[in-house]
Amino acid sequence: MKTALSVSLIILFYTIAPRAEAQQTNSATSVPAPTTLSPIQKNIEAYLRHFYAFGPDVQLVVGPPKETAVDGLLETTISPSLAENKETVKFYVSKDGKFLFRGEMSDMTKDPLVENRSQIQMKDAPSLGDPQAAVTLVEYSDFECPVCRNLHDVLRDLLPKYPGKVRVVFKDFPLEQLHPWARTAAIAGRCAYQQNPTAFWKMYDFIYDHQEIISASNAWTKMMDYAGQSGLDSDTFKACMASSEAAEAVNASRANAQLLDVNSTPTVFVNGRRMVGADAHLLEQYINYELAQLKPGKAAEKK
């Protein structure tokens with residue numbers, strides 16, 4: 001029964017707005033139920049419980065509706081939880097309570113990429129390439145995620161096509177509820193970076209290249225092995241793995257991802273333009289578009 005209900009939760013929050021070729025996470029943050037519910041909140045909960053056949057063991061919390069910039073449209077959060085499975089997502093509901101939907105609302109009077117760029121925190125994050133490159137690609141990834149490994153392979157083939165033009169910044173977003181050794185690997189990456197920033201990228205390659213032989217039971221041993229092969233001091237690395245500093249850095253990276261509404265891995269931002277998954281053609285399209293904006297004709301158009 002719990003398995004069936006877990007599937008219902010997945011259907012509710014992952015098929016309404018699917019993100020192809022990416023792995024998605026459940027938020028670890030639970031939302032306390034309000035003491036008094038408005039009629040709209042009650043209607044939303046009743047509708048979803050009926051539609052998805054949620055029983056009493058599924059907690060479903062509907063946040064208080066808030067005004068948006070669009071007349072007649074309210075914003076709310078819906079937070080289902082079942083045992084270890086938890087999620088909080090944003091929904092919109094019409095003010096008359098008749099229509100409910102999930103999606104992105106864009107203000108076309110503003111540059112949609114500026115806010116993303118302002119929220120991405122790149123300080124003290126592993127970086128590869130010229131800091132002054134025209135294109136900055138920020139990758140939010142999980143070392144155990146198979147699609148993230150695909151992105152790793154895509155970047156390995158793609159980046160040599162753009163010498164000096166693309167910079168890659170790595171941000172940790174381990175999906176711990178799905179991947180039991182992802183956090184261990186994320187901490188290992190941070191420890192590599194803290195000891196020698198260039199060694200991070202050796203660890204990055206080692207982990208993704210050997211992803212299929214790493215498990216929860218051998219992850220610590222494998223990380224120590226890859227650290228040695230990356231030229232790191234083993235004692236310093238081991239002490240870092242056991243300390244809180246690297247773990248706190250991983251937590252900060254996750255918090256930054258959540259600020260950007262990242263809930264799938266890999267999620268990539270190309271000069272602020274979001275891409276979910278490891279589509280090589282789409283990634284190349286985004287990079288080429290950004291580089292094209294630098295051409296004299298395009299620069300003149302912007303003036």
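When I say that two residues touch, or are in contact, I mean that they have heavy atoms within 4.5 Å. With that in hand, hello everyone, and let me use it straight away: leaving out residues up to four places away in sequence, Arg156 touches Asp205 and Asp209. Please keep in mind that this is a predicted model.

Let me stay with Arg156 for a moment. You can find Arg156 in helix H4, which covers residues 146-158. Is Arg156 buried, partly exposed or exposed? Its relative accessible area is 40%, so Arg156 counts as partly exposed. Its side chain makes a polar contact with the side chain of Asp209, at 3.0 Å. As for Asp205, that residue is 49 residues from Arg156 along the chain, and the two C-alpha atoms are separated by 9.5 Å.

Now let's step back and look at the whole chain. The protein chain has 303 residues, and 47% of them count as buried. Its secondary structure comes to 11 helices and 13 strands. If we take the contacts with a separation of 6 or more, 68% of them join residues 24 or more positions apart. The chain exposes about 15,800 Å², with carbon and sulfur atoms supplying 54% of that area.

Next, please find helix H5, residues 182-195. Why does the distance between its ends agree with what we should expect? At 1.5 Å a residue, its 14 residues should span 20 Å, and the end C-alpha atoms are indeed 20 Å apart. H5 is also mostly covered, since 10 of its 14 residues are buried. Among them are Ala182, Ala185, Ala186, Ile187 and Ala188, and further along Arg190, Cys191 and Tyr193. What do the buried residues of H5 pack against? They meet strand E10 (166-172) as well as four helices: H6 (197-209), H7 (219-229), H8 (234-242) and H9 (245-259).

Just ahead of that helix, in the loop between E10 and H5, sits His179. With a relative accessible area of 7%, His179 is buried. Its side chain makes a polar contact with the side chain of Asp142, at 2.9 Å.

H5 also brings us to the cysteines. How many disulfides does a search of the whole structure find? The search finds 1. Cys191 and Cys240 form this disulfide, and their sulfur atoms are 2.2 Å apart. Cys191 belongs to helix H5 and Cys240 to helix H8, so the pair ties together parts that are 49 residues apart in sequence. For those who like handedness, the link of Cys191 and Cys240 is left-handed, with -90° about the S-S bond. Both Cys191 and Cys240 are buried. Two more cysteines to look for are Cys145 and Cys148: Cys145 is buried, with a relative accessible area of 0%, and Cys148 is buried with a value of 0% too.

Let's turn to the nonpolar interior. In soluble globular proteins, nonpolar side chains tend to be buried together. Here, the largest nonpolar core has 51 residues, and those touching the most other members are Phe143, Met203, Ile207, Met223, Phe237, Leu283 and Ile287. Which helix gives the most to this core? That is H6, with 8 residues. Apart from this core lies another, of 14 residues, which includes Ile40, Leu48, Val62 and Leu82.

Phe143 is a good place to put your cursor. Setting aside neighbours within four places in sequence, its contacts include Phe170, Asp172 and Trp181, then Ala185 and Ala186, and also Phe200, Tyr204 and Ile207. You have met Ala185 and Ala186 already, as buried residues of H5.

My last stop is Thr68, in the loop between strand E3 (66-67) and strand E4 (73-82). Why does Thr68 count as buried? The cut-off is under 20% relative accessible area, and Thr68 has 17%, so it counts as buried. Its side chain reaches the backbone nitrogen of Val70 at 3.1 Å. A polar atom of that Thr68 side chain also lies 2.7 Å from the backbone oxygen of Leu73. Leaving aside neighbours within four places in sequence, Thr68 is in contact with Leu73, Leu74, Glu75, Tyr92 and Met105.

That is the tour, and thank you for listening!

Technical notes
Residues are numbered from 1 along each chain as its sequence is written. This is a predicted model: local features need pLDDT of at least 70, side-chain atom pairs count only at pLDDT 80 or more; totals for chains, interfaces and linings use all residues. Side-chain values use heavy atoms; hydrogens and water are left out. Helices (H or I, at least four residues) and strands (E, at least two) are DSSP runs, numbered from the N terminus. Buried means under 20% relative accessible area, exposed over 50%, partly exposed in between (1.4 Å probe, protein chains only). Accessible areas come from the Shrake-Rupley method with a 1.4 Å probe; for residues, only the protein chains shown count as cover. The expected span of a helix is 1.5 Å times one less than its number of residues. A polar contact is a pair of N or O atoms within 3.5 Å; within protein, one must be able to donate a hydrogen and the other to accept it, and residues adjacent in sequence count only if both atoms are side-chain atoms. A nonpolar core is a set of buried Ala, Val, Leu, Ile, Met, Phe, Trp, Tyr and Cys residues joined through side-chain atoms within 4.5 Å. A disulfide is a pair of cysteine sulfur atoms within 2.5 Å.
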